[in-house]
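The following exercises are to be worked with the sequence and the model in view. Each task is followed by a solution in steps.

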Amino acid sequence: MTGPLVTPDWLRERLGGPALRIVDCRYRLGEPGAGEALWREAHIPGAAFMDLDRDLAGPPGERGRHPLPEAAAFEAAARRAGIGADTLVVAYDEAAEGGAARLWWLLRQSGHTDVTVLDGGLRGWREQGGELRGGEEQIQPGDFRSGAPADEPASPEELARGDGGAILLDARVPERYRGEVEPIDPVAGRIPGAVNMPFGELAPGGRFLPPEELRARFEAAGVASGDEAVAYCGSGVTACVVALAGEVAGIGATRLYPGSWSEWCALGLRAERG
């Protein structure tokens with residue numbers, strides 16, 4: 001078993017291993033297809049590609065902009081990417097934008113715990129002189145099978161009741177958290193009682209802070225080891241970076257509110273500002 005993060009040096013030593021599957025999860029918000037175009041242009045040798053909108057989320061709708069994919073759809077996508085029961089998956093994006101953490105979370109949620117994220121992403125790989133190549137990859141389909149959910153994701157009903165005792169962590173930038181701006185969703189603000197934990201500050205430049213620094217940030221937000229925490233963001237993607245950071249910090253499992261603000265505000269639920 002590996003930890004939640006691996007370094008470029010670790011990955012370079014294991015490139016081409018028969019039980020290793022590297023998955024490129026890059027995306028650009030509001031630019032469908034951009035991630036796959038980047039993958040075709042240049043990627044880590046042997047990397048498959050999984051698309052955020054097509055493979056790592058269901059169609060947008062009443063459950064938010066990036067709802068969880070149906071289990072059967074995710075199973076099929078993971079198989080196309082060459083993931084099997086005995087596969088060690090290394091996910092990467094450009095620099096901790098959330099795509100890799102989303103795949104990490106989805107696989108663990110589906111019972112596949114042998115998954116890790118490339119610390120520093122493709123940016124870090126390039127900076128250390130890692131090999132890149134373009135074009136298609138011949139990916140042998142895997143036999144991945146989606147298992148029972150590892151935990152129950154948070155629902156808007158649960159959070160609206162406010163009786164679960166969980167500490168709610170908002171992964172968005174501070175100005176969106178405070179409701180000063182809202183560039184995407186129709187309503188500005190945050191879920192009442194949420195504490196701001198901007199995902200970009202947990203992995204500046206794509207590299208996660210050391211475990212002790214991450215632990216201090218969680219503790220400053222009121223989350224100690226063993227406490228129940230729920231992460232959300234705009235649509236449930238960058239919140240996965242918070243969940244991954246909690247694992248790196250040794251805080252323990254952080255639940256996800258998949259619908260996040262995009263679902264919450266569409267339901268007309270109460271918002272806080274300021």
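**Exercise 1. Positive phi outside glycine**

In which helix is the place of Ser-260? Describe its backbone and its burial, then treat Ala-96 likewise.

*Solution.* The model is predicted, so local features need pLDDT of at least 70 and side-chain atom pairs count only at pLDDT 80 or more, whereas totals for chains, interfaces and linings use all residues. Residues are numbered from 1 along each chain as its sequence is written, and side-chain values use heavy atoms, with hydrogens and water left out.

Step 1. Ser-260 belongs to helix α11, residues 260–266. Helices here are DSSP runs of H or I with at least four residues, strands are runs of E with at least two, and both are numbered from the N terminus.

Step 2. The phi of Ser-260 is near 50°, a positive value in a residue other than glycine. With 0% relative accessibility, Ser-260 counts as buried; buried means under 20% relative accessible area, exposed over 50%, and partly exposed in between, for a 1.4 Å probe and protein chains only.

Step 3. Ala-96, also not a glycine, has a positive phi of about 65°. Ala-96 is placed in the loop between β4 (88–92) and α4 (99–109), and its relative accessibility of 14% makes it count as buried.

**Exercise 2. The sheet**

Give the strand order of the open sheet, and explain why one side of β1 and of β3 is left without a neighbour.

*Solution.* Step 1. Two strands pair if DSSP finds at least two bridges between them. The sheet has five strands in the order β1-β5-β4-β2-β3, and the pairing is parallel.

Step 2. β1 (5–6) and β3 (48–49) stand at the edges with a single partner strand each, so one side of each has no neighbour in the sheet.

Step 3. The pairings can now be followed in turn.
- β1 is joined to β5 (residues 115–118) by two bridges, with Val-6 and Leu-118 as bridge partners.
- β4 and β5 pair over three bridges, and Ala-91 stands opposite Val-117.
- β2 (residues 20–24) is joined to β3 by two bridges, where Val-23 faces Ala-48.

**Exercise 3. Helix α10**

How many of the eleven residues of α10 are buried?

*Solution.* Step 1. Ten of the eleven residues of α10 (residues 239–249) are buried. Among them are Cys-240, Val-241, Val-242, Leu-244 and Val-248.

Step 2. Gly-250 follows α10 and has a positive phi, near 80°.

**Exercise 4. Aromatic contacts**

Which geometry does the pair of Phe-74 and Phe-144 show, stacked or edge-to-face? State also which charged residues sit over rings.

*Solution.* Step 1. Rings of Phe, Tyr and Trp (its six-membered ring) pair if their centres lie within 6.5 Å; planes under 30 degrees apart are stacked, over 60 edge-to-face, and the rest tilted. This rule yields two aromatic pairs.

Step 2. Phe-74 and Phe-144 form an edge-to-face pair, with 5.8 Å centre to centre and 80° between the planes. The pair links distant parts of the chain, 70 residues apart: Phe-74 is in helix α3, and Phe-144 is in the loop between α5 (121–127) and α6 (156–161).

Step 3. Phe-74 is buried at a relative accessible area of 2%, and Phe-144 is buried at 1%.

Step 4. A charge sits over a ring if NZ of Lys or CZ of Arg is within 6 Å of the ring centre and within 35 degrees of the ring normal. Arg-12 lies over the face of Trp-125, 5.4 Å from the ring centre, and the charged end of Arg-190 sits over the ring of Tyr-177, 4.5 Å from its centre.

**Exercise 5. The largest cavity**

Which residues are closest to the centre of the largest cavity?

*Solution.* Step 1. A cavity is a set of points on a 1 Å grid over the protein atoms alone where a 1.4 Å probe fits but cannot get out, and lining residues have an atom within 4 Å of a point. Grid points are joined across faces, edges and corners, and a volume is the space filled by probe spheres set on the points.

Step 2. The largest cavity has a volume of about 60 Å³. Of its 14 lining residues, Asp-93, Ala-96, Ala-100, Val-117 and Phe-208 are the closest to its centre. The elements giving two or more residues to this lining are α4 and β5.

Note on methods. 1 Å grid on protein atoms, 1.4 Å probe; cavity = no way out; pocket = protein on both sides within 12 Å on 5 of 7 lines; lining within 4 Å.
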